[in-house]
Amino acid sequence: MTESSQPGVFISFEGGDGVGKSTQLRLLAQWLSAGGREVVTTREPGGTVLGSALRDAVLHGDHVSARTEALLYATDRAHHVDTVVRPALARGAVVLTDRYLDSSVAYQGNGRDLGADEVERLSLWATEGLLPQLTVLLDLDPSVGLTRLTGAPDRLERAGSDFHARTRQAFLDRAATGGPRWLVLDASGTAEDLQAAIRGRVAELLDISGTAGGTA
Ligand code: TYD
């Protein structure tokens with residue numbers, strides 16, 4: 001269920017680690033703000049105070065089983081949607097989130113082999129069915145993405161090349177059958193080209209001209 005009854009617009013950015021989601025999200029936020037829209041930028045896990053604690057537990061905890069991991073992400077998502085995303089959408093804001101439910105389906109459903117359908121049902125229950133109007137998938141070979149990361153790798157980043165290959169394929173398969181909600185881009189392109197493609201699609205979604213946000 002997309003939330004056509006909500007005045008706001010909900011957009012998620014998805015893809016593997018190190019594909020450039022945060023950069024693209026930031027550039028889009030600047031452009032939309034310059035065009036006069038209220039923009040809320042947020043992320044999962046960790047878009048709230050409670051979420052920061054959950055983020056720390058899931059990324060750095062000891063002996064976190066696959067099911068515990070799935071439930072921690074779902075808990076973070078439930079609280080994030082309830083306290084940040086839905087209130088912003090109700091005000092008419094554009095909400096840009098760095099990761100959402102499709103990350104759980106790809107990483108826990110496929111990467112951890114818990115089953116895509118079950119993990120999706122868990123997240124839909126947690127969020128009372130909230131789906132984005134647009135999901136931007138930045139697709140990149142994980143061996144390239146992971147080399148872009150700095151700092152010590154977290155639990156997920158250490159999960160191994162088969163795990164990351166499965167999550168990448170899961171995102172692509174989901175996008176291929178997921179209908180008009182998805183925009184799939186090759187993240188090996190330049191940041192400028194990627195941003196131009198994203199703005200073009202967002203302009204259509206918001207019914208604004210491609211230059212309405214000005215230049216960032
Ligand atoms: P992210 O914040 O994108 O990583 P970073 O800040 O290190 O770039 O996400 C943290 C990790 O959590 C990432 O490896 C993907 C993983 N993840 C899941 O496995 N399931 C989920 O539902 C979400 C939201 C993230």
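Which of the 15 residues around the ligand come nearest? That is the question with which I should like to open this presentation. The structure before you is a predicted model. In this model, the residues that come nearest to the ligand are Asp17, Tyr73, Arg99, Ser104 and Gln108.

Let me first describe the contacts of the ligand with particular side chains. A nitrogen atom of the ligand lies 2.8 Å from an N or O atom in the side chain of Gln108, a residue already named among those that come nearest. Two further side chains face oxygen atoms of the ligand. For Arg77, the distance between an oxygen atom of the ligand and an N or O atom of the side chain is 2.9 Å. For Glu157, the corresponding distance, again from an oxygen atom of the ligand to a side-chain N or O atom, is 3.2 Å. On its own, the ligand has 550 Å² of accessible area, and the protein covers 88% of it.

Which helices supply the shell around the ligand with at least two residues each? They are α2, which runs over residues 49-60, α3, over 66-91, and α4, over 101-111. Of these, α4 gives the most to the shell, with 4 residues. By class, the shell holds 7 charged, 5 nonpolar and 3 polar residues.

I turn now to the space that holds the ligand. The ligand sits in the largest pocket, and the volume of this pocket is about 570 Å³. There are 28 residues in its lining, and those closest to the centre of the pocket are Asp17, Lys21, Arg55, Arg99 and Glu157. Asp17 and Arg99 thus appear here as well as among the residues that come nearest to the ligand. Helices α1 (21-34), α2, α3 and α4 each supply at least two residues of the lining. The largest share, 4 residues, comes from α4. The lining divides into 10 charged, 9 polar and 9 nonpolar residues.

One of these residues, Arg99, deserves a further remark. Arg99 is placed in the loop between β3 (94-98) and α4. Its phi is near 85°, a positive value in a residue other than glycine. As a general matter, most residues other than glycine have a negative phi, and most peptide bonds are trans.

The second half of that statement brings me to another loop, the one between β2 (39-43) and α2, where Pro45 is found. The peptide bond that joins Glu44 and Pro45 is cis, with omega at about -10°.

Finally, I come to enclosed space. Rolling a probe the size of a water molecule over the atoms shows where empty space is left. How many cavities of 30 Å³ or more does the count give? The count comes to 1, and the largest cavity has a volume of about 110 Å³. Its lining comprises 14 residues, of which Gly15, Gly16, Leu140, Pro142 and Arg168 are closest to the centre. Strand β4 (134-139) and helix α7 (161-177) each supply at least two residues of this lining, and α7 gives the most, with 4 residues. By class, the lining of the cavity has 7 nonpolar, 4 polar and 3 charged residues.

To close, I return to the ligand and to α4. The ligand sits in the largest pocket; α4 gives the most to the shell around the ligand and provides the largest share of the lining of the pocket. Thank you for your attention.

Definitions and conventions
Residues are numbered from 1 along each chain as its sequence is written. This is a predicted model: local features need pLDDT of at least 70, side-chain atom pairs count only at pLDDT 80 or more; totals for chains, interfaces and linings use all residues. Side-chain values use heavy atoms; hydrogens and water are left out. A residue is near a molecule or strand if one of its heavy atoms lies within 4 Å of it. A polar contact is a pair of N or O atoms within 3.5 Å; within protein, one must be able to donate a hydrogen and the other to accept it, and residues adjacent in sequence count only if both atoms are side-chain atoms. Accessible areas come from the Shrake-Rupley method with a 1.4 Å probe; for residues, only the protein chains shown count as cover. On a 1 Å grid over the protein atoms alone, a cavity is a set of points where a 1.4 Å probe fits but cannot get out, and a pocket is an open set with protein on both sides within 12 Å along at least five of seven lines; lining residues have an atom within 4 Å of a point. A molecule sits in a cavity or pocket if more than half of its atoms lie within 2 Å of its grid points. Ala, Val, Leu, Ile, Met, Phe, Trp, Tyr, Cys and Pro count as nonpolar, Asp, Glu, Lys and Arg as charged, and the others, Gly among them, as polar. Grid points are joined across faces, edges and corners, and a volume is the space filled by probe spheres set on the points.
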